[in-house]
Amino acid sequence: MAPSLEDIRPAFDLKGRNFIVTGGAQGIGFAAARAICEMGGNVAVLDIQEKPVDEFDTLSSHFGAKTFYVQADVVNEESLNRGFAQAVEHLGTVDGLVPAAGIAIDKPFVDQTWDEFTRIQEINLAAKQMIKQGSGGSMVLLASQTAHCAIPGHRMAAYNMSKGGVFMLSKALAVELAPHNIRVNTISPGFVDSEMLQRVKAAKIPREAQQMEISPPMKRLSNANDLTGAIVYLLSDAARFTTAADIPITGGLHAGTIDGLIYYA
Ligand SMILES: NC(=O)c1ccc[n+]([C@@H]2O[C@H](COP(=O)([O-])OP(=O)(O)OC[C@H]3O[C@@H](n4cnc5c(N)ncnc54)[C@H](O)[C@@H]3O)[C@@H](O)[C@H]2O)c1
C-alpha cells in the first residue's frame, strides 16, 4: 500500500538545525546564511574577511537565529581547522554545509599560476563531523555553469576546471556518503551579480561584459535571491531523497542563448 501523503511545508523548515557557510561574509554565501536563518536554522560563517556585511549582525535578532562569525582562510589548513573547530563549538552540531568561498580569475590560461585554483578541505571537515554525529546532513556545493560548458570570450580555464571538479566531487561524495545519510548536491548558477562578477566584468572589453547581461534567454544577470530557494530546498528535508543532483539556475543560458546554442554536458 502506498504511504499516506504528508504536508510539504514543514519539510522546508530548518528549525533547530545548524549550518556552516564558508565565504559567507558577502555575496551568495551571505544570502545563503540569511536564508538559513529565515527558515529557522542557526549559522556559522567562515570567511577570510575581517568582518561580514553589516546585515550579518541583524540576523540573530531579526530571525531569532544563533549566528557566529569567524575569520578563517579555507585554503590554509591551520586557519580552517581553527575556524571550523570554533564554529562547531558554538553551534554544537553541524547538519549542513554550504561551501561558498571562492575566487574567479578571468585571464588567459597560459598566464595562470599554480596557486589559482580552489581547494575543498571544509567539505572534508564537515563530512567527518556529520559522520561522527551519525544523524546525517546535507551539503550544497557551489558549482557553476562553467562546470558544464566553456563560453566564448571567458578565459577562465582554471575556474572551469575547479567548478567541473566540484560538480563531479559532489557526485562521488553523494555516493560515498549516502550510507551515512549525508546528501551532496550542487547548484550551477550562471552570471550572478556579486562582487566576484563585477571583478570579472571589469577585466573584460565592454562588448563581452554586456554579453553577460543579454545572453541568458531571460535577458538579465541573476542575483543571490534567485539562488536561495534552491539552497534552502536542498538543505531541507523536502529534498530528503535528492542527492547527486545539480540545479542549473541560469535564466535558461544552459539550454540556449541568443548567440547560439550552449550544450549542457
Ligand atoms: N558570481 C557568479 O556569477 C557565480 C556564478 C557561479 C558560481 N559562483 C560561485 O559562488 C560562490 C560565491 O561567489 P560570489 O559571487 O558570492 O563571490 P564573492 O566574491 O562576492 O564572495 C566570495 C566570498 O568568499 C570569500 N573567500 C574567498 N576566498 C576565501 C578563502 N580562501 N577563505 C575564506 N573565504 C574566502 C570572500 O571573502 C567572499 O566573502 C563561489 O564559489 C563562486 O565561484 C559565482
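Let me start with a definition: a residue is buried under 20% relative accessible area, exposed over 50%, and partly exposed in between. Keep those cut-offs in mind. And keep in mind that this is a predicted model.

First case: alanine 244. Its relative accessibility is 25%, which lies between the two cut-offs, so alanine 244 counts as partly exposed. Where is alanine 244? In the loop between α8 and β7, and β7 covers residues 246-249. Look at its backbone too. Phi of alanine 244 is near 65°, a positive value in a residue other than glycine. Why mention that? Most residues other than glycine have a negative phi.

Lysine 219 has a positive phi as well, near 55°, and lysine is not glycine. Find lysine 219 in the loop between α7, residues 206-214, and α8, residues 225-235.

Stay with α8 for a moment. Threonine 228 lies in that helix. Buried or exposed? Its relative accessibility is 15%, and the cut-off for buried is under 20%, so threonine 228 counts as buried. A polar atom of its side chain lies 3.4 Å from the backbone oxygen of asparagine 225.

Now the strands. Start at β4, residues 96-99. Gly96 and Val98 point one way from β4. Leu97 and Pro99 point the other way. All four residues are buried.

Which strands pair with β4? One is β1, residues 18-22, which pairs with β4 in the parallel sense over four bridges. In that pairing, isoleucine 20 stands opposite leucine 97. Another is β5, residues 137-142. β4 and β5 also pair in the parallel sense, over two bridges. There, leucine 97 stands opposite methionine 139. So much for β4.

Move on from β5 to β6. These two strands pair in the parallel sense over six bridges. Leucine 141 stands opposite threonine 186 in β6. How many residues of β6, which runs from 182 to 189, are buried? Eight of its eight. Both faces are covered. On one side you have Ile182, Val184, Thr186 and Ser188. On the other side you have Arg183, Asn185, Ile187 and Pro189.

Next, two residues outside the strands. Glutamine 145 is in the loop between β5 and α5. At 3% relative accessibility, glutamine 145 is under the 20% cut-off, so it counts as buried. A polar atom of the glutamine 145 side chain lies 3.5 Å from the backbone nitrogen of histidine 254.

Glycine 16 sits in the segment before β1. Buried or exposed? At 56%, glycine 16 is over the 50% cut-off, so it counts as exposed. Glycine 16 and glycine 41 are 25 residues apart along the chain. Their C-alpha atoms are separated by 5.6 Å.

A quick word on cysteines. A disulfide is a covalent bond between the sulfur atoms of two cysteines. How many disulfides does this structure hold? Zero. Cysteine 37 is buried, with a relative accessible area of 0%. Cysteine 149 is buried too, at 11%.

Last topic: the ligand. How many residues surround the ligand? The count is 28. The closest are Ile28, Asp47, Tyr159, Val192 and Ser194. By type, the shell divides into 15 nonpolar residues, eight polar and five charged.

Three of the closest residues come with distances. Take aspartate 47: an N or O atom in its side chain is 2.6 Å from an oxygen atom of the ligand. Take valine 192: a polar backbone atom there is 2.8 Å from a ligand oxygen. Take serine 194: a polar side-chain atom lies 2.5 Å from an oxygen atom of the ligand. How much of the ligand is covered? On its own, the ligand has 830 Å² of accessible area, and the protein covers 93% of that.

Which elements give two or more residues to the shell? They are α1, residues 27-38, α5, residues 157-177, and α6, residues 195-202. α6 gives the most, with four residues.

Terms used: Residues are numbered from 1 along each chain as its sequence is written. This is a predicted model: local features need pLDDT of at least 70, side-chain atom pairs count only at pLDDT 80 or more; totals for chains, interfaces and linings use all residues. Side-chain values use heavy atoms; hydrogens and water are left out. A residue is near a molecule or strand if one of its heavy atoms lies within 4 Å of it. A polar contact is a pair of N or O atoms within 3.5 Å; within protein, one must be able to donate a hydrogen and the other to accept it, and residues adjacent in sequence count only if both atoms are side-chain atoms. Accessible areas come from the Shrake-Rupley method with a 1.4 Å probe; for residues, only the protein chains shown count as cover. Ala, Val, Leu, Ile, Met, Phe, Trp, Tyr, Cys and Pro count as nonpolar, Asp, Glu, Lys and Arg as charged, and the others, Gly among them, as polar. A disulfide is a pair of cysteine sulfur atoms within 2.5 Å. Buried means under 20% relative accessible area, exposed over 50%, partly exposed in between (1.4 Å probe, protein chains only). Two strands pair if DSSP finds at least two bridges between them.
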